[in-house]
Amino acid sequence: MIDQLATWLRNSQSTVAFTGAGISTESGIPDFRSPGGIWENSTPVLFDDFVASEASRIEYWRQKSEAHREYFDAKPNVGHQVLARWQGEGILDRVITQNIDGLHQAAGSKDVLEIHGTAREVACLECSWRGGASRWVDEFIETGVPPCCPGCHGPLKHATISFGQMLDADTLRQCGRLAASCDLFLAMGSSLVVHPAAGLPEAAKRGGAKLVIINRCETDFDSVADLVINGSLGETLGQVDELLKTPGGQ
Ligand code: NAD
């Protein structure tokens, strides 16, 4: 399977990597749905609740402040690094990620499409103001008061997509176009249950791409994939990378 993937990567004219929380577990950031994942310990604050109530905004900022250091202290792992290098070498066109941790960019990936936004910034819900998240997390930890926009005093929220919040239409359009026009689509470290992001592997298949799924657990898309590798991403991408580096190795 590793050989097959290396061959397809070599022969592909346009490869897209689509990643989920599973690519960052080896950097120490828990995913949502694995045992011990984030959902075992907290219930997410829905977007409508955030907008409607101060108590929900406090709970949101409490959860985000707890997760903040984990995200900020994390370093890219071999999976992120291999993808960044492949892009530099022309093996991979683009990374689309559901992750909000910024680790693809930290590894050197360029023009990453972040479908669910980024936890590294906060955004005002009422004007276009954005800024680095750390200052506002520190302020919340000190005061216990959810922060407001320095410009218009609207509520500040991480620049991520909460449950019930609209995705950025332009980002989604770009992702759809890339998925539909690539010839190899690698879906990695995602349970593929969160829509509309999980529609991208389908869009890739409809567009004629080969679909490869690399994930520890089975997914609902395994039956339509051209290749499924159930294993660790760091190990799998590392092995494929070794093969690609070996002249005539696949
Ligand atoms: P998910 O938790 O639903 O699924 C993660 C999948 O990755 C699981 O199926 C698991 O088996 C697999 N996995 C875990 N570690 C792996 C590894 N080392 N190698 C291979 N597979 C591994 O996550 P999702 O599908 O990305 O969807 C959940 C949402 O969670 C996303 O929208 C994302 O925004 C958000 N999220 C992001 C982060 C992050 O930014 N690091 C962390 C948690 C959740």
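**Patch, core and salt bridges**

Student: Between which elements is the loop that holds Phe 32?

Tutor: This model is predicted: local features need pLDDT of at least 70, side-chain atom pairs count only at pLDDT 80 or more, and totals for chains, interfaces and linings use all residues. Residues are numbered from 1 along each chain as its sequence is written, and side-chain values use heavy atoms, with hydrogens and water left out. Helices (H or I, at least four residues) and strands (E, at least two) are DSSP runs, numbered from the N terminus. The loop with Phe 32 runs between β1 (15–19) and α2 (47–52).

Student: Is Phe 32 buried, partly exposed or exposed?

Tutor: Buried means under 20% relative accessible area, exposed over 50%, and partly exposed in between (1.4 Å probe, protein chains only). The relative accessible area of Phe 32 is 31%, so the residue is partly exposed.

Student: Which residues of the largest nonpolar core touch the most other members?

Tutor: A nonpolar core is a set of buried Ala, Val, Leu, Ile, Met, Phe, Trp, Tyr and Cys residues joined through side-chain atoms within 4.5 Å. The largest one has 25 residues. Those touching the most other members are Leu 5, Trp 86 and Leu 237.

Student: Which elements do the buried residues of α9 pack against?

Tutor: Helix α9 has 13 residues. Its buried residues include Leu 233, Leu 237 and Val 240. Contact means heavy atoms within 4.5 Å. By that rule, the buried residues of α9 pack against α1, α4, β7, β8 and β9.

Student: How far apart in helix α3 are Glu 66 and Arg 62?

Tutor: A salt bridge is a side-chain nitrogen of Lys or Arg within 4 Å of a carboxyl oxygen of Asp or Glu. Glu 66 and Arg 62 form one, at 2.7 Å from N to O. An α-helix has 3.6 residues a turn, so residues three or four places apart point the same way. Glu 66 and Arg 62 are about one helical turn apart, because their spacing in α3 (residues 54–73) is four residues.

Student: Is Glu 66 buried or exposed?

Tutor: Its salt-bridge partner Arg 62 is partly exposed, at 37% relative accessibility. Glu 66 has 59%, so Glu 66 counts as exposed.

Student: Which residues share a salt-bridge network with Arg 85?

Tutor: The structure holds 11 salt bridges. One of them joins Glu 89 and Arg 85, at 3.5 Å from N to O. Through shared partners, the network of Arg 85 also takes in Glu 89, Asp 241, Glu 242 and Lys 245.

Note on methods: The expected span of a helix is 1.5 Å times one less than its number of residues.
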